[in-house]
Amino acid sequence: MSVLMVEDRVDFSTLKDTLQLTDGNLASHLRALEEADYLRVEKQFVGRKPNTTYHATETGREAFKSHLDALEQLILSNRKDS
């Protein structure tokens, strides 16, 4: 999700290279995010090659921001305790 938060659209190969994941591992993560309505999938052909791109939905963006807020609160509360 962090990649999709800074890029409008990202293709499968770019995600795979950036995240250094196998095809199967990345595909299962993407499927879970798609099922949660956190990202949208677009399939098309570029020339004769299939090309799959992904982009974050508004639901996904909101969930990711909430996750970051929760992490920030956790960090801040641990700093106060130290």
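Visitor: What makes Leu4, Val10 and Leu39 contacts of tyrosine 54?

Guide: This is a predicted model, and in it tyrosine 54 touches Leu4, Asp8, Arg9, Val10, Phe12, Leu15, Leu30, Leu39, Arg40 and Val41, leaving aside neighbours within four places in sequence. A contact needs heavy atoms within 4.5 Å, so those residues qualify.

Visitor: Why is Tyr54 counted in the largest nonpolar core?

Guide: Membership takes a buried residue of a listed type, tyrosine included, joined to others through side-chain atoms within 4.5 Å. Tyr54 makes the list along with Val3, Leu4, Val10, Leu15, Leu26, Leu30, Leu39 and Ala56, 9 residues in all. Helix H1 (2-6), helix H3 (23-35) and E3 each give two or more residues to this core. In soluble globular proteins, nonpolar side chains tend to be buried together.

Visitor: Why is threonine 57 called buried?

Guide: Its relative accessible area is 8%, and buried means under 20%, so threonine 57 is buried. You'll find threonine 57 in the loop between strand E3 (49-56) and helix H4 (58-81). Beyond residues up to four places away in sequence, threonine 57 touches Asp37, Tyr38, Leu39 and Arg40.

Visitor: What makes arginine 40 and aspartate 37 a salt bridge?

Guide: Their closest N and O atoms are 2.6 Å apart, and the cut-off is 4 Å, so the pair passes. Aspartate 37 also takes a positive phi of about 65 degrees, just after H3.

Visitor: Are those two buried or partly exposed?

Guide: Arginine 40 is at 41% and aspartate 37 at 27%. Partly exposed runs between 20% and 50%, so both count as partly exposed.

Visitor: How do you know that glutamate 42 and arginine 9 tie together parts that are apart in sequence?

Guide: Their side chains meet in a salt bridge at 3.5 Å, N to O. Glutamate 42 lies in strand E2 (residues 39-46) and arginine 9 in the loop between H1 and strand E1 (10-11), so the pair links parts 33 residues apart in sequence. Glutamate 42, at 32%, is partly exposed, and so is arginine 9, at 41%.

Visitor: How many salt bridges are there in the whole structure?

Guide: A search finds 3. One of them joins lysine 16 and aspartate 23 at 2.7 Å, N to O.

Visitor: What makes the span of H3 close to the expected one?

Guide: H3 has 13 residues and reaches 18 Å from its first C-alpha to its last, against an expected 18 Å at 1.5 Å a residue. H3 also has the highest mean pLDDT among the elements, 97.

Notes
Residues numbered from 1 in each chain as written. Predicted model: local features only at pLDDT ≥ 70, side-chain atom pairs only at ≥ 80, totals over all residues. Heavy atoms only, no water. Helix = DSSP H or I, 4+ residues; strand = E, 2+ residues; numbered from the N terminus. Buried < 20%, exposed > 50% of the residue type's maximum accessible area, 1.4 Å probe, protein only. pLDDT = per-residue confidence, 0-100. Expected span 1.5 Å × (residues − 1).
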